Amino acid sequence: MRTFLFALAFTVSLNTLPASADELPLPESVWKGIEATPQNGLPDGRIAVSTNTRGEKVAAWYGSPTTRYRHGILGDAVEAGALHVEYRNGRRHTLQLPESQVFEDRTPRIVDLDGDGRPEIVTIRSYRNAGASVAIFGVRNNQLVELASTEAIGRSNRWLNIAGIWDYAGRGSMQIAYVETPHIGGTLHFVVWSGDKLRPIASTYGTSNHEIGSRAQDLSADLDYDKDGQMDIVVPSADRGALRVFGFSHGKLSELETVSLPSPVARRGDTDEASKAGCVHFELKNGTTFALCRP
């Protein structure tokens, strides 16, 4: 059963908050979906805003821009040194990373991973000497703390990109899907939260969900392709010249379909809500849009 918090990510580009915004609550306009650049936020960042099952709204965004990790995988060398979480009532929490780490990401993902009604924040956190990892954070005992993470890739300037968050395996709890090293023979991993670890349950080679230097991270989609009532995931091939559909059956991961494309994938052309109609759309490098629909 899906326990995802309903989330909307708003592009931060239109308004700039006043200089003292680190102390002030987010303006009402943000909660209404009007775009705003948070003070000391990433210049190309987004604010994620979600509503939980009790109707409580929460926002998350990256702040404290820094150039201490000069990888530039998302188009520039500016990454984030802090994570901010704010509730609708104005209560704000901030987590500042040590100098050896950055958030190599644009938008945090707000999701209730364990179904307890409290939001977790899923991020891409990179180490100067060990590369990227998936890290989840949450507010516990009135503090924003790290809850779990994967092992870092193991080398500096090695990155990963989140592909999706859903109960793909039908286990009754969420899995995080991500592509490790999407630019050099990417591997699609599925991990589950267990204690202070994100434990792998399946993986497959030869995928990519990002073009190096691009700010577009949304090159994958969720779709119940085989109509079995369980969500599958659509991820581009390693050269982004095909769409690969993966799903679980009886706990085992398999490839359901590979669809060749006339041009490499550039970005998603819709949202996950569109998958309910049985099709997902991708914008291609040649300027056209490709629709992948359930057979």
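**Figure 1. Histidine 281 sits across from alanine 291 in a β hairpin.** In this predicted model, histidine 281 stands opposite alanine 291, a residue of β21. The two strands here are β20, covering residues 279-284, and β21, covering residues 289-293; they run antiparallel and are joined by five bridges. Four residues lie between the strands of this hairpin, and glycine 287 takes a positive phi near 90°.

**Figure 2. The hairpin belongs to an open sheet of three strands.** Step back a little from the hairpin and β19 comes into the picture: the sheet has the order β19-β20-β21, with antiparallel pairing. Its edge strands are β19 (265-268) and β21, each of which pairs on one side only. From one strand to the next, the twist averages 35°.

**Figure 3. Another open sheet is made of four strands, β15-β16-β17-β18.** The strands come in that order, and their pairing is antiparallel. At the edges stand β15 (221-223) and β18 (252-260); each has a single partner strand, so one side of each is left without a neighbour in the sheet. Going from one strand to the next, the twist averages 30°. Now look at β16 (residues 232-236) and β17 (residues 242-249): four bridges join these antiparallel strands. Valine 235 has arginine 244 of β17 as its bridge partner.

**Figure 4. Threonine 207 is a buried residue of strand β14.** Strand β14 runs over residues 197-207, and threonine 207 is part of it. How buried is threonine 207? Its relative accessible area is 0%. The side chain of threonine 207 reaches the backbone nitrogen of leucine 188 at 3.5 Å. Setting aside neighbours within four places in sequence, threonine 207 is in contact with a long list of residues, among them Val179, Pro182, Gly185, Gly186, Thr187 and Leu188. That list also includes Val235 and Arg244, the bridge partners from the four-stranded sheet.

**Figure 5. Serine 203 is also in β14, but is partly exposed.** Serine 203 is found in strand β14, and its relative accessible area is 44%. Since buried means under 20% and exposed over 50%, serine 203 counts as partly exposed. Not counting residues up to four places away in sequence, serine 203 touches Thr187, Leu188, His189 and Leu253. How far is serine 203 from glycine 287? The two are 84 residues apart in sequence and 31 Å apart in space, C-alpha to C-alpha.

**Figure 6. Histidine 210 is buried in the loop between β14 and β15.** Which residue does the side chain of histidine 210 meet in a polar contact? Its partner is the side chain of histidine 183, at 2.7 Å. Histidine 210 lies in the loop between β14 and β15, and it is buried, with a relative accessible area of 1%. Leaving out residues up to four places away in sequence, histidine 210 touches Ile73, Leu74, Trp159, Asn161, Pro182, His183, Ala216, Gln217, Leu219 and Arg240.

**Figure 7. The largest nonpolar core has 20 residues.** Leu113, Val122, Val134, Ile136, Ile162, Ile165 and Ile176 are the members that touch the most other members of this core. Which strands each supply at least two residues of the core? They are β8 (120-127), β9 (131-140), β10 (143-149), β11 (160-166) and β12 (175-180). Zoom in on isoleucine 162: not counting residues up to four places away in sequence, isoleucine 162 touches Arg109, Val122, Ile124, Val134, Ile176, Ala177, Tyr178, Asn209 and Gln217. There is also a second, separate core of 18 residues, which includes Leu42, Leu83, Val85 and Leu97. As background, nonpolar side chains tend to be buried together in soluble globular proteins.

**Figure 8. Pulling back, the protein has one helix and 21 strands.** That is the secondary structure in full. The radius of gyration is 18 Å, close to the 19 Å that the globule rule gives for 295 residues, so the protein is as compact as a globular protein of that length. Along its principal axes, the C-alpha trace spans about 50 × 40 × 35 Å. Of the 295 residues, 53% are buried. Among contacts between residues at least 6 apart in sequence, 51% join residues at least 24 apart.

Definitions and conventions. Residues numbered from 1 in each chain as written. Predicted model: local features only at pLDDT ≥ 70, side-chain atom pairs only at ≥ 80, totals over all residues. Heavy atoms only, no water. Core = buried A, V, L, I, M, F, W, Y, C linked by side-chain atoms within 4.5 Å. Buried < 20%, exposed > 50% of the residue type's maximum accessible area, 1.4 Å probe, protein only. Contact = heavy atoms within 4.5 Å. Pairing = 2+ DSSP bridges. Polar contact = N/O pair within 3.5 Å; in protein donor to acceptor, adjacent residues only side chain to side chain. Axes fitted to C-alpha atoms, helices over the stretch in contact; angles between N-to-C directions. Rg over C-alpha atoms; globule rule 2.2 N^0.38 Å.
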